[in-house]
Amino acid sequence: MWFPGNFRRHPPLDWAETLKKNIMEKKTTILNLTEEEFVHPGNRACSGCGLSIIYRIGLKALGRNTILVVPPSCLTVLQGLYPVASTQLPCVNVTFASTGAAATGVRGAMRALKKENVNVVAWAGDGGTADIGIQALSGACERGEDIIYICYDNEAYMNTGVQRSGTTPQGVLTTTTPIKGKLQEKKDVPAIIAAHGIGYVATASAAYPLDFYDKVKKATTLSGPRYIHVHTPCPPGWSFDSRYTIKVGKLAVKSGLFDLYEIENGEFKLTGESKRLVGKDKPPVNDYFNSQGRFKSLDEEMVKKVQAQVDAKWAGYDA
Ligand SMILES: Cc1ncc(C[n+]2csc(CCOP(=O)(O)OP(=O)(O)O)c2C)c(N)n1
Ligand code: SF4
Ligand SMILES: [Mg+2]
């Protein structure tokens, strides 16, 4: 279970200096985000929900001229039902398998109405993206549909009680993998989508919301299919205390397990914290595993295997 001492101590950061530097360099900071809110205060997400962080920030980046397309998921619950929905933007709730196709239809409707400049944004969970919705998403990418697709990856089917999905990492305990954890490795969805040759694929983390904001903002300036995959900690599903969402999310990135990057017109580049980590010492992956109850059945051999995979991947980045 959770044990705060698992986190290594880092030197204290001078927040005022960092903020000043970022403002001088014209980077995105919390001070220059719009004050307009598109998610009402008070909604049905659990406390500490990573999705609720990126949803609030992502909608700020998208702005009012946006239509959302959402399949069944925790996001449907977070949004709630009309007339008490928490989102102040039009949202179409669609069937689980159809998100990519439904977004295609909304884009077609906007074209027919000559409202070409609307952001049509599919926003789906990992189960709705990696497993049941992948056919519709793949079709939309292959056809070159003019949509933004955001997948929030909490690494299981959370809304229905934590069942394993294609993106659940190997060894994770879920209600459908309750003894040894999931046997298979995590499906690399951004790589699958990138293999369609679309113009923009990015990864992000709820623990680095401004990096996510910049990527969503950039996606709104591009056209064609754009895909953003966001690592999204979930306190009840991952079994950690809800106050540690950002720390757990940051550990996934800092240990080199989940990388922040963009693939723009086929060109791969690390971004943000991952870019800063190249050539630097990283905390062992076991620090991340120890921060959550869902990894408690991992044995030493599996931890060594994952560490070796991460080291090999980063040796490639360092080259
Ligand atoms: C065809 C179909 N099968 C199953 C369901 C039940 N269902 C609703 S939400 C959900 C889980 C979605 O998981 P994910 O996409 O990862 O989103 P999360 O709940 O984790 O936010 C399931 C299985 C459904 N609504 N439709
Ligand atoms: S179960 Fe997880 S993803 Fe779903 S609302 Fe709760 S914290 Fe968020
Ligand atoms: Mg999920």
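Colleague: In this predicted model, what makes the pair formed by an oxygen atom of ligand 1 and a polar backbone atom of G127 a polar contact?

Modeller: The two atoms are 2.8 Å apart, and a polar contact is a pair of N or O atoms within 3.5 Å, so the pair qualifies. An oxygen atom of ligand 1 also lies 2.5 Å from an N or O atom in the side chain of Y152, and an oxygen atom of the ligand is 3.0 Å from a backbone N or O atom of M158. Of the 590 Å² that ligand 1 exposes when taken alone, the protein buries 72%.

Colleague: Which element gives the most to the shell around ligand 1?

Modeller: Helix 5, residues 126-131, does so with three residues, while the shell by class holds seven nonpolar, seven polar and one charged residues.

Colleague: What makes D126, N154 and A156 donors of the magnesium ion, ligand 3?

Modeller: Their atoms, OD of D126, OD1 of N154 and O of A156, stand at 2.0 to 2.1 Å from the ion, and the cut-off for a donor here is 2.8 Å, so they count as donors. In sequence these donor residues follow the spacing D-x27-N-x1-A. Because D126 belongs to helix 5 and A156 to the loop between strand 4 (148-153) and helix 7 (189-194), the pair ties together parts that are 30 residues apart in sequence.

Colleague: Are D126 and A156 buried or exposed?

Modeller: Both D126 and A156 are buried, a term that calls for under 20% relative accessible area.

Methods: Residues are numbered from 1 along each chain as its sequence is written. Chains are lettered from A and ligands numbered from 1 in the order in which they are written. This is a predicted model: local features need pLDDT of at least 70, side-chain atom pairs count only at pLDDT 80 or more; totals for chains, interfaces and linings use all residues. Side-chain values use heavy atoms; hydrogens and water are left out. A polar contact is a pair of N or O atoms within 3.5 Å; within protein, one must be able to donate a hydrogen and the other to accept it, and residues adjacent in sequence count only if both atoms are side-chain atoms. Accessible areas come from the Shrake-Rupley method with a 1.4 Å probe; for residues, only the protein chains shown count as cover. Helices (H or I, at least four residues) and strands (E, at least two) are DSSP runs, numbered from the N terminus. Ala, Val, Leu, Ile, Met, Phe, Trp, Tyr, Cys and Pro count as nonpolar, Asp, Glu, Lys and Arg as charged, and the others, Gly among them, as polar. Donors are N, O and S atoms within 2.8 Å of the metal (3.2 Å for Na, K and Ca); water is not among the atoms, so sites may look incomplete. Buried means under 20% relative accessible area, exposed over 50%, partly exposed in between (1.4 Å probe, protein chains only).
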